[in-house]
Amino acid sequence: MEYATFSNPKLVAILVPAILLLAGALAKKLVRASGWMWQDFYLGIEFTLAALSSGLVYIFDLVKVIATKAPGADVRDKLSYTALFLCVTFFLFLYVLGVHQDWEKAPDATPKRIRLGFVANFVGGGLLAAFILLIKGTA
C-alpha cells in the first residue's frame with residue numbers, strides 16, 4: 001500500500017476503531033488466559049473513553065495554538081465544535097455504561113451480543129470515527 005492510502009481520513013476513521021477493537025479483544029483474552037469469549041469484544045466503554053480522551057487532548061492542542069498566538073490561527077470554531085463533541089460524547093458514554101449495566105450479567109444470548117457487541121461498540125467506534133473525520137479533520 002502506498003503512503004497516500006493512509007492519509008485518507010475515511011480509511012483512517014474506519015481502521016483505527018477496527019484495529020483498537022481487535023487489539024482490545026486480544027488483550028482481554030490474553031489477560032484472562034482462556035479461550036475466546038463474546039465478552040472479549042464488548043469494548044463500547046473503552047471506545048467511548050478513547051473518543052472522550054481524544055477530544056480532551058485536542059482541546060489542549062488548540063489552547064497551545066492560542067497561547068502561541070500563531071498568525072492566521074483562528075481556532076474559535078474548532079474549540080466550539082470540540083466542546084460540543086465532548087458534551088455529546090459524555091452523554092453517550094453514560095448511555096453505553098447504562099447498556100453495559102443492564103446487559104453485562106444477562107445470560108449469553110443473541111440480544112446481549114447485539115447490544116454489547118454491536119450497539120455499544122458502534123456508538124464508541126462511531127465517536128472515534130466522528131472525532132477523526134469531523135473534529136480533528138485532515139489539517
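This report covers one helix pair, one buried residue and the salt bridges of a predicted model.

Helix α3 (residues 44–68) packs against helix α4 (residues 76–103) at an angle of about 160 degrees, and their axes are 9 Å apart. That angle makes α3 roughly antiparallel to α4, and the crossing of α3 past α4 is left-handed. On the α3 side the contact includes Gly44, Leu52, Gly55, Tyr58 and Ile66; on the α4 side it includes Lys78, Thr82, Phe85, Phe93 and His100. By class, the residues of this contact are 17 nonpolar, six polar and one charged.

Ile135 lies in helix α5 (residues 110–136). Its relative accessibility is 13%, so Ile135 counts as buried. Leaving aside residues up to four places away in sequence, Ile135 touches Tyr58, Tyr81, Thr82, Phe85 and Ala130. Ile135 and Gly55 are separated by 80 residues in sequence, yet their C-alpha atoms are 8.2 Å apart.

The whole structure contains three salt bridges, listed here with the distance between N and O atoms.

| Salt bridge | N to O distance |
|---|---|
| Lys28 – Glu46 | 3.9 Å |
| Asp40 – Arg32 | 2.5 Å |
| Asp108 – Arg113 | 3.7 Å |

The pair of Lys28 and Glu46 links distant parts of the chain, with Lys28 in helix α2 (residues 9–32) and Glu46 in helix α3, 18 residues apart. Lys28 is partly exposed at 28% relative accessibility, and Glu46 is partly exposed at 38%. Asp40 is buried, with a relative accessibility of 0%, whereas its partner Arg32 is partly exposed at 27%. Asp108 is partly exposed at 48%, as is Arg113 at 24%.

Methods
Residues numbered from 1 in each chain as written. Predicted model: local features only at pLDDT ≥ 70, side-chain atom pairs only at ≥ 80, totals over all residues. Heavy atoms only, no water. Axes fitted to C-alpha atoms, helices over the stretch in contact; angles between N-to-C directions. Helix = DSSP H or I, 4+ residues; strand = E, 2+ residues; numbered from the N terminus. Parallel < 35°, antiparallel > 145°, perpendicular 65-115°, else oblique. Left-handed = near helix turned anticlockwise from the far one by under 90°. Contact = heavy atoms within 4.5 Å. Nonpolar A, V, L, I, M, F, W, Y, C, P; charged D, E, K, R; others polar. Buried < 20%, exposed > 50% of the residue type's maximum accessible area, 1.4 Å probe, protein only. Salt bridge = Lys/Arg side-chain N within 4 Å of Asp/Glu carboxyl O.
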